[in-house]
Amino acid sequence: MGITIPAWVEGELTPVDKLEAHEKGLKHKAVSVFVVRGTEILMQRRAMGKYHTPGLWANTCCTHPDWDETSSSCAVRRLSEELGITGLYPEYRHRLEYHADVGNGMVENEVVDVFLAHARGPLQMQPNPDEVMETRWVDYHDLLAEVKRHPERFTPWLKIYLHNHADTIFGPDLIISAKS
């Protein structure tokens, strides 16, 4: 058995193998983090070795909490594991649910706690090549335009977050300053 994650089976939260959860489309817990610097968002391009959505652009990081792990601890852990980022303490912004086909017969049926962290000044990163093939900072407004022009370059969940939940995730400051 691989990594176990919290999933709902017959209405009860239980540990389930991560791959099985995606193959069967089981509803399960997840965490997503956005790191912002002014109106820029730190994006990552998923490594080609990922079992779903390889090579696509996504938010700063995302994962599934361990069985006994809080979402906030998971967010901090995953920033370090995926990107080598330490010293940021993301703020909880929103819980959302989505269902999306992620290819190769897999489905994400996620209950996601979304976090936002503000980077002040330069941010030291050391991306894990097993997780991340590329990173970049992109202005919020430019990201929206790029997703509209080339949706095939982005993960399904990022498109859902930006289209349906941006105001709640980023708050009015980022949205307003990006529009001016």
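Start by selecting residues 26-160, the span where an unreviewed UniProt entry places the feature "domain: Nudix hydrolase". What you are looking at is a predicted model. Colour the span by secondary structure: 21% of it is helix and 42% is strand. Now pick out the C-alpha atoms at its two ends, which lie 19 Å apart.

**First stop: the annotated active site**

Which residues does UniProt list for "active site"? Select Cys62 and Glu110, the residues given in the unreviewed entry. Although they span 49 residues in sequence, their C-alpha atoms are no more than 11.4 Å apart, so they gather at one spot. Of these residues, Cys62 belongs to the lining of the largest cavity.

Zoom in on cysteine 62, which sits in strand E6, residues 61-63. Is cysteine 62 buried or exposed? Its relative accessible area is 17%, and buried means under 20%, so cysteine 62 counts as buried. Show its surroundings next: beyond its neighbours within four places in sequence, cysteine 62 is in contact with Val31, Ser32, Arg46, Arg78, Glu82 and Trp157. Keep Arg78 and Glu82 from that list in view, as the tour will visit each of them.

Now move to glutamate 110, in strand E8. With a relative accessibility of 3%, glutamate 110 is buried. Leaving out neighbours within four places in sequence, you will find glutamate 110 in contact with His22, His28, Ala30, His64, Leu96, Glu97 and Tyr98. Turn on the side chains of glutamate 110 and histidine 22 to see the polar contact of 3.4 Å that joins them.

**Second stop: glutamate 82**

Select Glu82, which the UniProt annotation "binding site" covers in an unreviewed entry. Glutamate 82 lies in helix H2, residues 71-83, and at 2% relative accessibility it is buried. Setting aside neighbours within four places in sequence, its contacts include Thr60, Cys61, Cys62, Gln126 and Glu131. Which side chain forms a polar contact of 2.4 Å with that of glutamate 82? Show glutamine 44 and you have the partner.

**Third stop: arginine 78**

Stay in helix H2 and select arginine 78. Arginine 78 also counts as buried, at 11% relative accessibility. Apart from neighbours within four places in sequence, arginine 78 is in contact with Lys50, Cys61, Cys62, Thr63, Leu83 and Glu131. For a sense of scale, draw a distance from its C-alpha atom to that of alanine 100: these residues are 22 apart in sequence and 22 Å apart in space.

**Fourth stop: a loop**

Next, go to glycine 105, in the loop between E7 and E8. At 62% relative accessibility, glycine 105 is exposed. Outside its neighbours within four places in sequence, glycine 105 is in contact with His22 and Glu23. Add glycine 25 to the selection: it is 80 residues away along the chain, yet the two C-alpha atoms are separated by 9.4 Å.

**Fifth stop: helix H3**

Select residues 140-149, helix H3. Which residues of this helix are buried? They are Tyr140, Leu143, Glu146 and Val147. Turn the view to look down the axis of H3: these buried residues fall within an arc of 120°, so they line one face of the helix. On the face turned away from that buried side, find the exposed residues Lys148 and Arg149. Then step to the N-terminal end of H3, which is capped by aspartate 139. One of its side-chain oxygens lies 3.0 Å from the backbone nitrogen of histidine 141.

**Last stop: the nonpolar cores**

In soluble globular proteins, nonpolar side chains tend to be buried together. To see this here, select Phe34, Ile41, Met43, Tyr98, Leu143, Tyr161 and Phe170, which touch the most other members of the largest nonpolar core, a set of 29 residues. Among the elements that each supply at least two residues of this core are strands E3 (27-37) and E4 (40-46), together with H3 and helix H5 (166-179). Which element gives the largest share? Select helix H4 (156-164), the source of five residues of the core.

Finally, look for another core, which lies apart from the largest one and has 16 residues. Select Val35, Leu83, Ala119 and Leu123, which are among its members.

Technical notes: Residues numbered from 1 in each chain as written. Predicted model: local features only at pLDDT ≥ 70, side-chain atom pairs only at ≥ 80, totals over all residues. Heavy atoms only, no water. UniProt positions renumbered as here; feature names shortened; annotations may be inferred. Helix = DSSP H or I, 4+ residues; strand = E, 2+ residues; numbered from the N terminus. Buried < 20%, exposed > 50% of the residue type's maximum accessible area, 1.4 Å probe, protein only. Arc of directions from axis to C-beta. Polar contact = N/O pair within 3.5 Å; in protein donor to acceptor, adjacent residues only side chain to side chain. Core = buried A, V, L, I, M, F, W, Y, C linked by side-chain atoms within 4.5 Å. 1 Å grid on protein atoms, 1.4 Å probe; cavity = no way out; pocket = protein on both sides within 12 Å on 5 of 7 lines; lining within 4 Å. Contact = heavy atoms within 4.5 Å.
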